[in-house]
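Work through the two exercises below with the sequence and the coordinates at hand, and read each solution only after attempting the task.

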Amino acid sequence: MINWDAHACLPQHPLADFTPVRRLHAAGVNYVSLNVGADMNPLSQVMSVIAGYRATIAADPERYALVSSVDDIIQAAADGRMAISFDLEGALPLMEQPDMVALYAQLGVRQIHFAYNRNNSVADGCHDIPRGLTPLGQRMVEAVNENGILMDCSHTGRLCSLEIMNASSQPVIFSHANPYTLVQHGRNVTDEQIRACAATGGVVCVSGLSFFLGSAQPDANDVARHVAYIADLVGVRHAGIGLDICFQQPGLDETPPGDFNPEHWWPASAGYSADKPPSFTPPEVWRELPAALRRAGMSETEAELVLGRNMMRVAQQVWGTSEAALAKAA
């Protein structure tokens with residue numbers, strides 16, 4: 001049994017403490033996708049974060065494994081190590097060059113979405129004016145598919161996400177997004193988007209943020225309620241978990257350099273407020289999720305699909321088999 005958390009955030013700083021990753025592992029998580037940058041982060045910061053995270057992982061090989069395939073994740077779990085790969089939140093770090101996708105893949109990025117709340121030259125954000133996927137965005141989708149990276153539509157505008165899912169030759173995921181029908185927040189996804197994601201063979205992974213769950217202090221039952229809605233709508237094979245826990249660490253300044261305006265990325269018109277930040281489920285909620293999913297009406301087998309097997313299935317198709325696994329099989 002592999003427990004899969006599709007998205008989490010450490011500070012965007014090369015010296016970020018990995019203690020929260022150890023908490024996730026202790027709570028039963030076998031794999032986590034760590035964010036290494038978003039549209040508000042310049043390339044210099046993204047590369048510095050990737051270098052720092054890679055160094056931390058390499059320095060503790062008995063505890064962490066940077067993985068590129070499901071085979072690697074299974075092996076890491078067998079060894080008692082936490083499997084990790086990276087994700088990007090937005091296309092700006094791609095510098096409008098589809099060839100950058102391959103470079104990020106080589107550095108450990110296994111998942112990407114193209115817009116963080118706001119529009120760019122590739123795609124639309126969920127808190128901006130709808131335009132649709134641009135011609136450059138079409139080429140970016142092809143690059144993501146060709147390089148075996150999970151195509152994510154979190155933070156993406158509704159129309160644009162539908163066009164991305166139509167353009168992709170591989171399953172598409174929402175790594176951290178919840179049903180809009182349950183909580184009417186612009187970051188959540190409509191039934192139309194959920195159905196389109198399932199039609200690609202993909203998975204919608206439920207976020208643990210209070211804003212998106214509709215609970216001031218979210219718990220496992222809140223997460224399970226959103227999972228159950230997705231399962232009832234499109235089938236349990238298309239529901240997963242991406243708690244999107246953001247671990248703040250005092251003393252590390254992760255503020256993007258330059259002219260950074262938080263109001264632009266998290267507009268008050270969309271319900272964000274600096275005076276009322278979101279709350280997150282703690283990593284330990286993973287211990288409670290199996291029972292919560294059972295209370296929501298799922299069997300043990302169905303709960304296992306949600307907690308990891310669904311994302312394993314999609315990743316196996318998109319990522320393929322690692323070089324190490326191929327060599328072992330030879």
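**Exercise 1.** Determine what share of the residues is buried, and how the overall dimensions of the protein compare with the globule rule.

*Solution.* In this predicted model, taking buried to mean under 20% relative accessible area, buried residues make up 57% of the 330 residues. Next, consider the fold: the protein has 13 helices and 10 strands. Its radius of gyration is 18 Å, close to the 20 Å that the globule rule gives for 330 residues, so the protein is as compact as a globular protein of that length. Turning to contacts with a separation of 6 or more, residues 24 or more positions apart account for 75% of them. Finally, the protein exposes about 13000 Å², of which carbon and sulfur atoms supply 51%.

**Exercise 2.** Establish which residues of helix H11 are buried, and against which elements they pack.

*Solution.* Begin with the accessibilities in H11, which spans residues 285–295: Val-285, Trp-286, Leu-289, Ala-292 and Leu-293 are buried. These residues cover an arc of only 95° around the axis, which puts them on the same side of H11. The general reason is that an α-helix has 3.6 residues a turn, so residues three or four places apart point the same way. On the face turned away from the buried side, H11 carries the exposed residues Arg-287 and Arg-295. As for partners, the buried residues of H11 pack against strands S1 (4–9) and S9 (239–241), and against helices H1 (19–26), H9 (220–234) and H12 (300–319). After H11 comes Gly-297, with a positive phi near 105°.

Note on methods. Residues numbered from 1 in each chain as written. Predicted model: local features only at pLDDT ≥ 70, side-chain atom pairs only at ≥ 80, totals over all residues. Heavy atoms only, no water. Buried < 20%, exposed > 50% of the residue type's maximum accessible area, 1.4 Å probe, protein only. Helix = DSSP H or I, 4+ residues; strand = E, 2+ residues; numbered from the N terminus. Arc of directions from axis to C-beta. Contact = heavy atoms within 4.5 Å. Rg over C-alpha atoms; globule rule 2.2 N^0.38 Å. Areas by Shrake-Rupley, 256 points an atom, 1.4 Å probe, with all protein chains shown as cover.
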